[in-house]
Amino acid sequence: EGRDIPVLKISDNAAKDENEPEVLFNCNQHAREHLTTAMCLRIINRYTDQYQNDEQVKKMVDEREIWVIPTVNPDGSEFDVESGEYQGWRKNRQDTGTDLNRNWGHKWGCCGGSDDDPNSETYRGPEKFSAPETAAIRDFVNSRVIDGQQQIKANIDFHTYSELVMWPMGYTTDEVTEGMTQEEYDRFEAVGTKMAETNGYTPQQSSALYITDGGISDWMWGEHKIFAFAFEMYPSSGGVEGFYPPDEVIEEETKRNDQAVNILLEE
């Protein structure tokens, strides 16, 4: 529908492409998960407003390049709220809609973790990267390969809800599989558990929730070896209303992830 997908860069020298590790935070792949957009905005505000007076923030901004995409799915997100009543809308706005987090290219459609029915909530699209949103972010991430090296080293993809810290792979319950050694899995588990200790979420492999194929974290790791996590934010349970918590919880529930974000930037 012609809307931009905004991406912000936070760095002590943002106009220059410095030789520093890069970290990507992205939010709102699923239209109704608006609390995640507030999460990305908190990251932006914290790593800019607190630069002068928070030593840890200053160190990360000075020594990293931080990328933030507050809304991956602007068309779906706008549709969900524009009538004045929440629509419970998940997908993008292509025809009957594609579930963006089933449209990524790694193991797309492989394993029963997505649907080929266009009316399904987890419709994966007619082919991998058929959604303009996933294609745009794929192209951005691919563009960060400089001299054969992927500059983006880590990623958190924020969702609601269930209060989970999850890591690849989503398409299989196996810990050690194609593209994932035991040593690599152990690091995911260790850092995921460390982050979960700060926010009270449950740490687990993504497939422990349910099998998903064509997900962003599997693609980030499978294609680029980006240390990729998915967070399911507040609340811990609920029906459709769980996607629409009261505005009074925004500050508390986004602040809840401050230390986890710090940990990933340090790692």
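# Notebook: rings, charges and pockets

**Entry 1, a ring cluster.** I started with the aromatic side chains and found Phe 188, Trp 221, Phe 227 and Phe 229 linked by ring pairs into a cluster. A reminder to myself: this is a predicted model. Over the whole structure, my search turned up 14 aromatic pairs.

**Entry 2, two tryptophans.** I then picked out one pair, Trp 104 with Trp 219, and noted it as tilted, with 5.2 Å from centre to centre and 40° between the planes. Which parts of the chain does this pair link? I traced Trp 104 to the loop between helix 3 (74-81) and helix 4 (132-143), and Trp 219 to helix 6, 115 residues apart. Next I looked up accessibility. Trp 104 has a relative accessible area of 0%, so I put it down as buried. Trp 219 comes out at 3%, so it counts as buried too.

**Entry 3, arginines over rings.** I also checked for charges above ring faces. I found the charged end of Arg 124 over the ring of Trp 108, 5.6 Å from the ring's centre. For Phe 129, I noted Arg 138 over its face, at 4.7 Å from the ring centre.

**Entry 4, salt bridges.** Side chains of opposite charge can pair when their charged atoms come close. My search of the whole structure gave 18 salt bridges, and I followed up a few of them.

- I looked at Arg 144 and Glu 22 and found their closest N and O atoms 2.7 Å apart. Arg 144 is in the loop between helix 4 and strand 4 (145-146) and Glu 22 is in strand 2 (residues 22-27), so this bridge ties together parts 122 residues apart in sequence. I wondered whether Arg 144 is buried or exposed. At 9% relative accessibility, Arg 144 counts as buried, and Glu 22, at 0%, is buried as well.
- For Glu 121 and Arg 32, I read 3.3 Å between the closest N and O atoms. This bridge also links distant parts of the chain: Glu 121 is in the loop between helix 3 and helix 4, and Arg 32 in the loop between strand 2 and helix 1 (34-49), 89 residues apart. Glu 121 is partly exposed at 36%, whereas Arg 32 is buried at 8%.
- Arg 102 and Asp 99 form a bridge with closest N and O atoms 3.8 Å apart. I have Arg 102 as buried at 4% and Asp 99 as buried at 0%.
- I also noted a network in which salt bridges with shared partners join Glu 1, Arg 3 and Asp 75.

**Entry 5, the largest pocket.** I turned to pockets, and the largest has a volume of about 340 Å³. I counted 25 lining residues, with Asn 101, Met 166, Leu 209, Tyr 210 and Glu 232 closest to the centre. Which elements each supply at least two residues of this lining? I listed strand 6 (152-160), strand 7 (164-167), helix 6 (216-224) and strand 9 (227-233). By type, I sorted the lining into eight nonpolar, ten polar and seven charged residues.

**Entry 6, the second largest pocket.** Here I found about 240 Å³ of space. The lining has 16 residues, and Lys 153, Arg 187, Lys 225, Phe 227 and Glu 267 lie nearest the centre. Strand 6, helix 5 (182-199) and helix 8 (258-266) are the elements giving two or more residues to this lining. I sorted the residues into seven nonpolar, one polar and eight charged. A name I had already met is Phe 227, a member of the ring cluster in my opening entry.

Technical notes. Residues numbered from 1 in each chain as written. Predicted model: local features only at pLDDT ≥ 70, side-chain atom pairs only at ≥ 80, totals over all residues. Heavy atoms only, no water. 1 Å grid on protein atoms, 1.4 Å probe; cavity = no way out; pocket = protein on both sides within 12 Å on 5 of 7 lines; lining within 4 Å. Points joined across faces, edges and corners; volume = space filled by probe spheres on them. Helix = DSSP H or I, 4+ residues; strand = E, 2+ residues; numbered from the N terminus. Nonpolar A, V, L, I, M, F, W, Y, C, P; charged D, E, K, R; others polar. Phe/Tyr/Trp six-rings, centres within 6.5 Å; stacked < 30°, edge-to-face > 60°. Buried < 20%, exposed > 50% of the residue type's maximum accessible area, 1.4 Å probe, protein only. Lys NZ or Arg CZ within 6 Å of the ring centre and 35° of its normal. Salt bridge = Lys/Arg side-chain N within 4 Å of Asp/Glu carboxyl O.
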